[in-house]
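Q: I have a model open and want to read its interfaces. Where do I start?

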Amino acid sequence: MGELRMMTRLMLSLVLLVLGAASAFATQVERVTSPGGIEAWLVREDAIPLVSMNIAFEGGARLDPAGREELATVSAAMLNEGAGPYDAGAFKRELEAKAIRFGASADLDTIYVSVAMLAEHRARAFELLGLALNAPRFDKAPFERLRAQMQAVLKQESEDPDTLAARAWYSRVFPGHPYGRSENGSPQSIASLKPAEAKSFLGARMTRDRLKIAVVGDITAEELAPLLDTLFGKLPATGPAETVAAPAFSDLGKTQIIEIDNPQSRVIFGGEGLARKDPDYMAAVVMNYILGGGGFSSRLMDEVREKRGLAYGVSTDVSPLRHVGLFMGSVGTDNAKVAEALALIKSEIERLRKDGPTDEELANAKTYLTGSFALRLDSNAKIANFLLACQLYDLGIDYIDRRNAEIEAVTREDVVRVAERLLHADRLAYVVVGKPQGLVAN
Amino acid sequence: MLKMGWAIAALAALVALVGVVPVAAVAEKGFKAETFKLENGMTVIVLPDHRVPVVTQMVWYRVGSADETKGKSGIAHFLEHLMFKGTDDIPPGEFSKRVARLGGQDNAFTSNDYTAYYERIAKDRLDEVMGMEADRMRDLRLTDEIVLPERDVILEERNQSIDNDPQRQMTEQLLAALYLAHPYGIPIIGWRHEMEGLTREDAIAFYGVHYAPDNAILVLAGDVTADEIRPMVEKHFADLKPSGVSLRVRPKEPPQLAARRLAMSDARVQQPQMTRLYLVPSYATAKGSEAHALELACDILGGGETSRLYEALVERQKLATAVSIYYDGDAYDETAIWLSATPREGVPLEKLEAAMDKVIADFIAKGPTAEEMARSKTVLRAAAIFGRDSQFNMARIYGTALTTGQSIEDVEAWPDRIEGATVEEVKAALAAYVKAERSVTGYLTPAAQ
């Protein structure tokens, strides 16, 4: 099933991604600066003959002009559709001939490009990456096809209760703001999109001032440095100024119901969270683990699933977008029990704010969050993603070493304070997709 | 996300979606698993990866939904959930919390052929979670107070993963139609009406027969070596009694003589879809290099955006927006090739199917070109090296192979056998198995609201 469907799913999950949890760690991160001044973060790892380069340009679909909400998504996807002398088919065959894995996508805040290869095919992989970045073709035929694929994606999204719920939540909470729009656009907008628009969007957005690079694998700093100039040196230094500001929250406290004839209601709820730079961010990560982020160790899982069998899954998350922090949660429950499950979730949210965590919960949260940090960095692919996220959130190259100490430093007072900021059941917006009984929309 | 107890059907669908490496694709030349066996029959596989001081421990049982008693569908997966509910040493609800307090992560998954439990944890805490796995292999304790709410959980899991999604419901129907006799036609998570009647006694009976060291494989991937870890393994597992479980024998498929067609309409569907399944040999049941030939054939026919089907149906004829193919080769018994296509707006499924059949017929008649073979071999062999990046993936590959009738040698020789497959073998395998009478075709379409 097309890459596009996957892409959509990925984008959604990225929106919900937490950058939280980390520990003091042996991984050595090198800052590599090219002769031309382009910086990359490198973790040298030659145990397996692989190299991966993950690239991000800060600024994704939120920068799409009004009425062109699919622009970043389509533009990024076009990077895989032909470059330099190669049309789309030839470009993909050239990649396959050396088993080079190439990907490009966009979410609300970021354009992502990645390439992974066997070390022996490094030169060819970077050649093809260079073509994609510097000479993408935007041919008409693949562009037409991509538009048709996007239309199918929109139809598939409209069947998927989780996507429906997320789209409804964002559009209701952030009306009129770019975060309230779908990064996959609408049937009408897709139908009228032109290749030239995608080309000029990328030209303006793939600029060196927004560029972040993470490299992991069998390559040295000396080998990487000159390559950075070859790959990125010809990109524009800067692009248009940021036009997007922090959104206001609308309709918090409201419940929306989207009727679908499913046996299970899917619920998304959420409200104001914390910016990644907020001094209370780590306290929020710890608080969230106790409430709903900690799987079977969380209060919500214990109450909703373990004690009552009301749901297969229930969870919460703190997720910072570029211009706003979110506190989000989700649950799926039988239509007849969704009112009971939601009442229970709301009372647990209130209880944690009013009573705070127990000392044992706090200690357990910190033990898990620090102890499991290494599990998030046990493959080249994970390390590359992590390094990129650190750069996008501007956490500093030493974050990997600081992170566990920041978790350790969180006190009960910190958690109580951040719970007072975030945990108000009547300041969350709820979207229910299904045929819920005993719930009223407002 | 909360994954505890994901039925593996979901995984299979994901694998098909993402185009992930076939499970057998593992070892580049040179990578070798270390292995030893305990006297009670338990196989131990060690997959060293010393990049980071963490270990992925998996305990695999050679039992899955295809080993269930008739009328008790879902019990293998239900038991998987109940395995987290306590033993003589661990109180109910404590297992995962204890792992988390050690900074570890745990979960489990069930398929037709296997049930597996895992912990990912810092190396210096492996001893404790290894003890916990050994403990629950023979000493599970269950009460109705624990079992009954969990039955609601698996029913809710069924709602979420199957009944909320017409495409997944269709998949269930397709498998039921593909298998005339073999239990692969029964959903892993179970038919709802049978799940509703599952009891504590059913779970305990299933557990008693199948959960024992002689039916288990311990896989340790990460910062360990066999020499180093053997004393710890013996300390925890050597005293467990084998159950003398016998070889799995399931009903065999009779000759299939008639192509089957299913049509499902649902008001929830917006995007029509067609799916085709062919009954084909697995790595375990194949003769000679048939399975490797089918792996290559599928990659050339529908793997990615350079494949024949993508080129013909998506690019040239503009009939589809997506095509996918998946050869589910890691199965103990006869398995399936999955093909699916998403039509472009306004294209009837009949037209898309006819065009697809033409591409397939042409491929069978003429076989792959030398260039296609070379490209596909490069991609598949490289997948074996890419696969090494994740210790979880490595543990999964070996565990899957050993619970689906394959050996360590099969896993490690896989890249060479892919390399050795010929055009003639690909043609022969296609001609033998990719036949209408061995297939089911399904149309999923929108219904009037």
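A: Start with the polar contact: a pair of N or O atoms within 3.5 Å, where within protein one must be able to donate a hydrogen and the other to accept it, and residues adjacent in sequence count only if both atoms are side-chain atoms. Between domain 1 of chain A and domain 2 of chain A, 8 residue pairs are in polar contact, both residues at pLDDT 80 or more.

Q: What kind of model is this, and how is it numbered?
A: This is a predicted model, in which local features need pLDDT of at least 70, side-chain atom pairs count only at pLDDT 80 or more, and totals for chains, interfaces and linings use all residues. Residues are numbered from 1 along each chain as its sequence is written, chains are lettered from A and ligands numbered from 1 in the order in which they are written, and side-chain values use heavy atoms, with hydrogens and water left out.

Q: Which domains does chain A have, and how far apart are their centres?
A: Domain bounds come from an automatic or database domain assignment. In chain A the assignment gives domain 1 (22-232) and domain 2 (255-434). Their C-alpha centres are separated by 28 Å. Contact means heavy atoms within 4.5 Å. By that rule, 38 residues of domain 1 of chain A and 42 residues of domain 2 of chain A take part.

Q: How do I read the size of an interface?
A: Interface size is often given as the accessible area lost when the parts come together. Buried area here is the accessible area (1.4 Å probe) that two parts lose on being put together, summed over both. Domain 1 and domain 2 of chain A bury about 3,500 Å² between them, with 70% of it on carbon and sulfur atoms.

Q: How many salt bridges cross between the domains of chain A?
A: A salt bridge is a side-chain nitrogen of Lys or Arg within 4 Å of a carboxyl oxygen of Asp or Glu. The rule finds 2 across this domain interface.

Q: Which elements build the domain 1 side in chain A?
A: Helices (H or I, at least four residues) and strands (E, at least two) are DSSP runs, numbered from the N terminus. Chain A has 16 helices and 11 strands. Back at the domain interface, 8 residue pairs are in polar contact. Elements giving two or more residues to the domain 1 side include β3 (50-58), β5 (110-118) and α6 (161-173) of chain A. The largest share, 10 residues, comes from α6(A). For classes, Ala, Val, Leu, Ile, Met, Phe, Trp, Tyr, Cys and Pro count as nonpolar, Asp, Glu, Lys and Arg as charged, and the others, Gly among them, as polar. That side of domain 1 of chain A divides into 23 nonpolar, 6 polar and 9 charged residues.

Q: What does chain B show between its domains?
A: The assignment gives domain 1 (34-237) and domain 2 (255-446) in chain B. The contact takes 39 residues from domain 1 of chain B and 42 residues from domain 2 of chain B. The buried area is about 3,000 Å², of which carbon and sulfur atoms give 71%. B:M170, B:L174 and B:L178 supply 21% of the area that domain 1 of chain B buries there, more than any other three residues. The count between these domains is 1 salt bridge. The side chains of B:D389 and B:R51 meet in a salt bridge, 2.8 Å from N to O. Polar contacts come to 12 residue pairs, both at pLDDT 80 or more. Among the elements supplying at least two residues to the domain 1 side are β4 (54-61) and α6 (166-178) of chain B. The largest share, 10 residues, is from α6(B).

Q: Now the two chains. What lies between chain A and chain B?
A: The contact takes 71 residues from chain A and 65 residues from chain B. About 6,100 Å² is buried, and carbon and sulfur atoms give 56% of it. The rule finds 8 salt bridges across this interface. B:E150 forms a salt bridge with A:R305, the closest N and O atoms being 3.2 Å apart. Residue pairs in polar contact number 27, both at pLDDT 80 or more. Helix α5 (residues 140-157) of chain A gives the largest share of the chain A side, 7 residues. By class, that side has 29 nonpolar, 20 polar and 22 charged residues.
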